[in-house]
Amino acid sequence: VTGGDSNDASGYSSSVSGGRNNVASYDQSSVSGGTENQATGENASVSGGRLNIAQGENSNISGGMSNEASGPSSSVSGGYDNEASGIYLYLFGCDGQRTQSFFQLLSQVGTRL
């Protein structure tokens, strides 16, 4: 654990760098910054954001809020309230997406005023 406040790195070779109330609880999992993020899968990672959970093996989340990557090798990049529970799913900047498919790429491009 490096910096931050109330962080926990309890998995083997896991790490938490900065942020607040972050948890890396499985082998080689990591959280970098953000608030109340969890990396609970083997080799899972969360980079920033808030209330994100990476629990699939080799899953990762980059920012956003309330996202979950529970499928093996799935990723969520940004957005809000997304869940990637299939294998090799990639969600980029989506909001409210739930998918269990395999080998899928979803993106949501638009401008919000």
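Mentor: A residue counts as buried under 20% relative accessible area, exposed over 50%, and partly exposed in between, using a 1.4 Å probe and protein chains only. The model above is predicted: local features need pLDDT of at least 70 and side-chain atom pairs count only at pLDDT 80 or more, while totals for chains, interfaces and linings use all residues. Residues are numbered from 1 along each chain as its sequence is written, and side-chain values use heavy atoms, leaving out hydrogens and water.

Trainee: Is Phe 102 buried or exposed?

Mentor: Let's find Phe 102 before judging it: it sits in the loop between β13 (98-99) and β14 (104-107). Strands here are DSSP runs (E, at least two residues), numbered from the N terminus. Because its relative accessibility is 53%, Phe 102 counts as exposed.

Trainee: About how much accessible area does the nonpolar surface patch with Phe 102 have together?

Mentor: A patch joins residues with over 30% relative accessible area and no salt bridge, with nonpolar side chains (Val, Leu, Ile, Met, Phe, Trp, Tyr) linked within 5 Å and like charges within 9 Å. Areas come from the Shrake-Rupley method with a 1.4 Å probe, and for residues only the protein chains shown count as cover. Here Ile 87, Tyr 88, Tyr 90, Phe 92, Phe 103 and Leu 105 join Phe 102, and together the accessible area is about 730 Å².

Trainee: What is the phi of Tyr 88, roughly?

Mentor: Tyr 88 is in the loop between β11 and β12 (89-92), and its 35% relative accessibility makes it partly exposed. Although Tyr 88 is not a glycine, its phi is positive, at about 55 degrees.

Trainee: Which other non-glycine residue has a positive phi, near 60 degrees?

Mentor: Look in the loop between β3 and β4 (30-32). The residue there is partly exposed, with a relative accessible area of 40%. Its phi near 60 degrees is a positive value in a residue other than glycine, and its name is Gln 28.

Trainee: How many residues does the largest nonpolar core have?

Mentor: A nonpolar core is a set of buried Ala, Val, Leu, Ile, Met, Phe, Trp, Tyr and Cys residues joined through side-chain atoms within 4.5 Å. Val 31, Val 46, Ala 54 and Val 76 are among those with the most contacts inside the largest one. Val 76, for instance, touches residues including Ile 61, Ala 84 and Leu 91, not counting residues up to four places away in sequence, where contact means heavy atoms within 4.5 Å. The number of residues in this core is 14.

Trainee: How far is the backbone oxygen of Gly 34 from a polar atom of the Asn 22 side chain?

Mentor: Asn 22 lies in the loop between β2 (15-17) and β3 (23-24), and it counts as buried because its relative accessibility is 0%. Its contacts, not counting residues up to four places away in sequence, include Val 31, Gly 33, Gly 34 and Thr 35. From that side chain to the backbone oxygen of Gly 34, the distance is 3.1 Å.

Trainee: Which residue forms a salt bridge with Asp 5?

Mentor: Side chains of opposite charge can pair when their charged atoms come close. In a salt bridge, a side-chain nitrogen of Lys or Arg is within 4 Å of a carboxyl oxygen of Asp or Glu, and the structure holds 4 of them. For Asp 5, the closest N and O atoms are 3.0 Å apart, and the partner is Arg 20.

Trainee: Which residues are joined into one network by salt bridges that share partners?

Mentor: Asp 81 and Arg 98 meet in a salt bridge at 2.8 Å, N to O. Asp 81 lies in the loop between β10 (75-77) and β11 (83-84) and Arg 98 in strand β13, so this pair ties together parts 17 residues apart in sequence. Glu 83 also forms a salt bridge with Arg 98, with the closest N and O atoms 3.7 Å apart. Shared partners therefore make one network of Asp 81, Glu 83 and Arg 98.

Trainee: How far apart in space are Gly 71 and Leu 89, C-alpha to C-alpha?

Mentor: Gly 71 is in the loop between β9 (68-69) and β10, and its relative accessible area of 1% makes it buried. Among the residues it touches are Ala 84, Ser 85 and Gly 86, not counting residues up to four places away in sequence. Gly 71 and Leu 89 are 18 residues apart in sequence, and their C-alpha distance is 7.7 Å.

Notes: Helix = DSSP H or I, 4+ residues; strand = E, 2+ residues; numbered from the N terminus. Polar contact = N/O pair within 3.5 Å; in protein donor to acceptor, adjacent residues only side chain to side chain.
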